[in-house]
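User: Please take a close look at the surroundings of the ligand in this model, and then follow the connections outward into the rest of the fold.

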Amino acid sequence: MSGIITRRALLTTGALGAGALLSGCEKFVANPLGRELVFSGETLNYRLARALTHRDALAKEYRPDQMSPIFRVNGTRNPNTPTYNAMVAEKFANWRLKVGGLVNRPLDISYQQLLAMPARTQITRHDCVEGWSAIGKWHGPMLGTILKAADVRSTARYIVFTCADLYSGHNYYESIDLVDAFHPQTILAWAMNDAMLSVGHGAPIRLRVERQLGYKNAKYVMQIDAVASLAGIGKGKGGYWEDAIDYDWYAGI
Ligand SMILES: Nc1nc2c(c(=O)[nH]1)N[C@H]1C(S)=C(S)[C@@H](COP(=O)(O)O)O[C@H]1N2
Ligand SMILES: [Mo]
């Protein structure tokens, strides 16, 4: 269940696709009830649905005509610090993404280099805990490509994103585990809805982690670190909202 395939594509592979799926799900097939369900054609969709709920399953992707006419801006609308404003004035020409922590090859990637990387485009639904959703198109390199280049050490367990915006003097931050970090739909988006990412939506780059709620999708990402533990970062709960008002660290949807 890896590679860049849409859920729709999977569902339309029908019986042929089922064979391929069986190999990864031996536990279920070993169970007599599971075996019966798997091999009766009419329950194939149930079987597929179950397979798709794994951590590495893909989030649903939408068609262009399903994109929301309005995608609201939430949380920080503009970091508005002197440093950030200077970057905006230069159109991020001197912005660099730092990748460090538990990596064998720390990276310092220029905006131009980031824009030149192989990129993925995905139309997904963003769900905010405050009770709104919007479907938007995101474009940018897979985080996994960058982490592979940085050569994350085996001692690392989480990836931490430090953002340009401040809440009471502290940078917004978020973290995800390595399963989500290497998920094919986890990208550093630099374009949204076919335009360069706006300040409101997180310019120059924002994380898209499509299997999780809105607040995990960090905007204004400046630095990425691989760490062994979340203790000692912020208040130790892995993210700004997790620290502030006890939002779940794993906000899976
Ligand atoms: N740096 C930063 N990232 C952030 C936030 C924020 O305030 N600062 N808000 C989060 C929340 S709660 C949501 S719903 C989304 C909103 O993204 P949008 O403004 O593109 O809609 O960004 C998330 N990422
Ligand atoms: Mo949110």
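Analyst: In this predicted model, an oxygen atom of ligand 1 lies 2.6 Å from a polar backbone atom of Arg-72. A polar backbone atom of Thr-76 is 2.9 Å from an oxygen atom of ligand 1, and an N or O atom in the side chain of Lys-219 is 2.6 Å from an oxygen atom of the ligand. Taken alone, ligand 1 would expose 530 Å², and the protein buries 99% of that area.

The shell around ligand 1 comprises 22 residues, the closest being Arg-72, Asp-165, Tyr-167, His-201 and Lys-219. By character, the shell divides into 10 nonpolar, 8 polar and 4 charged residues. Two strands, β3 (120-128) and β5 (158-167), each supply at least two residues of this shell, and β5 gives the most, with 3 residues.

Strand β5 also leads from the ligand into the nonpolar interior, since the largest share of the largest nonpolar core, 5 residues, comes from β5. That core has 43 residues, and those with the most contacts inside it are Leu-97, Leu-143, Phe-161, Leu-188 and Ile-224. At least two core residues come from each of α6 (82-89), β1 (96-101), β2 (107-110), α7 (111-116), α8 (143-150), β5, β6 and β11. In soluble globular proteins, nonpolar side chains tend to be buried together.

Arg-72 offers another way outward from the ligand. The C-alpha atoms of Arg-72 and Trp-132 are 9.0 Å apart in space, although the two residues are separated by 60 residues in sequence. Trp-132 belongs to strand β4 (residues 132-140), and with a relative accessibility of 11% this tryptophan counts as buried.

The charged pairs deserve a separate look, and the structure holds 11 salt bridges. One of them joins Lys-216 to Glu-174, with the closest N and O atoms 2.8 Å apart. Because Lys-216 lies in the loop between β10 (206-208) and β11 (221-227) while Glu-174 lies in strand β6 (residues 170-177), this pair ties together parts that are 42 residues apart in sequence. Lys-216 is buried, with a relative accessible area of 0%, and Glu-174 is likewise buried, with a relative accessible area of 0%. The side chain of Lys-216 also takes part in a polar contact of 3.1 Å with the side chain of Glu-242. Glu-242 is placed in helix α10 (residues 240-245) and counts as buried, at 1% relative accessibility. Lys-216 therefore has a salt bridge to Glu-174 and a side-chain contact to Glu-242, and its own relative accessible area of 0% is under the 20% limit used for buried residues.

A further salt bridge links the side chains of Glu-210 and Arg-208, at 3.1 Å from N to O. Here too the partners are covered, as Glu-210 is buried with a relative accessible area of 5% and Arg-208 counts as buried at 1% relative accessibility. The pair formed by Asp-65 and Arg-63, whose closest N and O atoms are 2.9 Å apart, has another setting: Asp-65 counts as exposed at 58% relative accessibility, and Arg-63 counts as partly exposed at 38%. Arg-55, Asp-177 and Asp-180, in turn, are linked in a network of salt bridges.

Some details of the backbone complete the picture. Most residues other than glycine have a negative phi, and most peptide bonds are trans. The peptide bond from Ala-203 to Pro-204, however, is cis, with omega near 5 degrees, and Pro-204 is found in the loop between β9 (195-196) and β10. Asn-80, in the loop between α5 (44-51) and α6, has a positive phi near 50 degrees and counts as exposed at 53% relative accessibility. Asp-151, which lies in the loop between α8 and β5, also has a positive phi, near 60 degrees, and counts as partly exposed at 30% relative accessibility.

Key:
Residues numbered from 1 in each chain as written. Chains lettered and ligands numbered in written order. Predicted model: local features only at pLDDT ≥ 70, side-chain atom pairs only at ≥ 80, totals over all residues. Heavy atoms only, no water. Near = heavy atom within 4 Å. Polar contact = N/O pair within 3.5 Å; in protein donor to acceptor, adjacent residues only side chain to side chain. Areas by Shrake-Rupley, 256 points an atom, 1.4 Å probe, with all protein chains shown as cover. Helix = DSSP H or I, 4+ residues; strand = E, 2+ residues; numbered from the N terminus. Nonpolar A, V, L, I, M, F, W, Y, C, P; charged D, E, K, R; others polar. Salt bridge = Lys/Arg side-chain N within 4 Å of Asp/Glu carboxyl O. Buried < 20%, exposed > 50% of the residue type's maximum accessible area, 1.4 Å probe, protein only. Core = buried A, V, L, I, M, F, W, Y, C linked by side-chain atoms within 4.5 Å.
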